[in-house]
Amino acid sequence: KNVETGKKFIEKWRDFSPLIIPGVFCHSPVTCSSETLTRAMEVSRLYEVPLQIHLSETSEEVSQIRSRSGKRPGHYLDQLDLLNPSLIAAHGIHLDENEIALMAARGVKVVHVPESNMKLGSGTARVTDMLKRGMIVGLGTDGACSNNDLDLFLEMDNAAKLAKLTDMDPTSLSALDTLRMATVGGASVLGLQDEIGTLEAGKRADIITVDLKHPHLCPLHHPASTLVYVQTVRM
């Protein structure tokens, strides 16, 4: 029934406005049956829209999936033929090296939500490993229940610093790489990299302006570093 509701939603809104881009969402491999997951992917392929899912957000999820299927979550979804470029996996905290390699080979995209992961005490995603594997990684905030500010600027700051702490390497996830995750990375995760995410002729006017005329933004040595590490948008 929920999958059929999703189909009706897509049919209603997919050609309504360029500002509304429908997709399919299944909460997680724990809360959705294998039949629901498989049917959702069928709808994703039929309408050529992304399928979003929470994946390996908690260690408990990994344990439950292993108990149910004998496999880790990434391999479980692969068994169901869900690992492909239309799948968007949020969190990905407890993916092991084999799962990351498999998902990279299948073209799965990941949304990194560091502030939510920290607030819930869920763990830290291996973002630098994903990027080294060539995975498309975008930056998100998750919902208001697990991240009250929904501020992508603060998300960039925390993502960059958390990666350095996790890797014990101050060069991990540079400011420029973090900015890419928040812009073209997010666009690529949604399959919209040809329309938004970068300032190029022929793309939509996807642009904001940041007022740098504040004392806390001086000196401005590197624009990307300032955007990532300084609270450019003040309350």
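The expected span of a helix is 1.5 Å times one less than its number of residues. Keep that in mind, everyone, as we start with helix 2 of this predicted model.

Helix 2 covers residues 34–47, which makes 14 residues, so at 1.5 Å a residue the helix should span 20 Å. The C-alpha atoms at its two ends are 20 Å apart, in agreement with that expectation.

Now, which residues of helix 2 are buried? They are Leu37, Ala40, Met41, Val43, Ser44 and Tyr47. If you look down the axis of helix 2, these buried residues fall within an arc of 155°, so they line one face of the helix. Here is a bit of background that helps: an α-helix has 3.6 residues a turn, so residues three or four places apart point the same way. On the other side of helix 2, you will find Glu35 and Leu46, which are exposed.

And what covers the buried residues of helix 2? The cover includes two helices you can pick out on the screen, helix 1 (2–13) and helix 4 (73–79), along with strand 1 (24–26), strand 2 (51–55) and strand 3 (87–91).

Right after helix 2 comes Glu48, with a positive phi near 55°. That brings me to some backbone details. Most residues other than glycine have a negative phi, and most peptide bonds are trans. Let me show you a few places that go the other way.

Ser56 has a positive phi, near 50°. You can find Ser56 in the loop between strand 2 and helix 3 (59–69). Is Ser56 buried or exposed? Its relative accessibility is 0%, so Ser56 counts as buried, the cut-off being under 20%. Leaving aside residues up to four places away in sequence, Ser56 touches Glu61, Val62, Pro73, Gly92, Ile93, His94, Leu95 and Glu99.

Asp81 also has a positive phi, near 65°, and sits in the loop between helix 4 and strand 3. Asp81 is partly exposed, with a relative accessible area of 46%.

For the peptide bond, please look at Cys218 and Pro219: the bond joining them is cis, with omega about 0°. Pro219 belongs to the loop between helix 9 and helix 10.

Next, a stop at Met130, in helix 7 (residues 127–132). Met130 has a relative accessible area of 1% and is buried. Among the residues that Met130 touches, beyond those up to four places away in sequence, are Gly92, Leu95, Ile100 and Val110. The others I would point out include Ala125, Met135 and Val137. Gly92 and Leu95 may sound familiar, as Ser56 touches them too. To get a feeling for distance, take Met130 and Val3: they are 127 residues apart in sequence, and their C-alpha atoms are 30 Å apart in space.

Last, the largest pocket. It holds about 660 Å³ of space. Its lining has 22 residues, and the closest to the centre are Leu179, Ala182, Thr183, Asp206 and Ile208. Which elements give two or more residues to this lining? Those are helix 8 (152–167), helix 9 (175–189) and helix 10 (223–229). Helix 9 gives the most, with five residues.

As for the character of the lining of the largest pocket, 16 of the residues are nonpolar, five are polar and one is charged.

That is my tour, and thanks for listening!

How values were computed:
Residues are numbered from 1 along each chain as its sequence is written. This is a predicted model: local features need pLDDT of at least 70, side-chain atom pairs count only at pLDDT 80 or more; totals for chains, interfaces and linings use all residues. Side-chain values use heavy atoms; hydrogens and water are left out. On a 1 Å grid over the protein atoms alone, a cavity is a set of points where a 1.4 Å probe fits but cannot get out, and a pocket is an open set with protein on both sides within 12 Å along at least five of seven lines; lining residues have an atom within 4 Å of a point. Grid points are joined across faces, edges and corners, and a volume is the space filled by probe spheres set on the points. Helices (H or I, at least four residues) and strands (E, at least two) are DSSP runs, numbered from the N terminus. Ala, Val, Leu, Ile, Met, Phe, Trp, Tyr, Cys and Pro count as nonpolar, Asp, Glu, Lys and Arg as charged, and the others, Gly among them, as polar. Buried means under 20% relative accessible area, exposed over 50%, partly exposed in between (1.4 Å probe, protein chains only). The arc is that of the directions from the helix axis to the C-beta atoms. Contact means heavy atoms within 4.5 Å.
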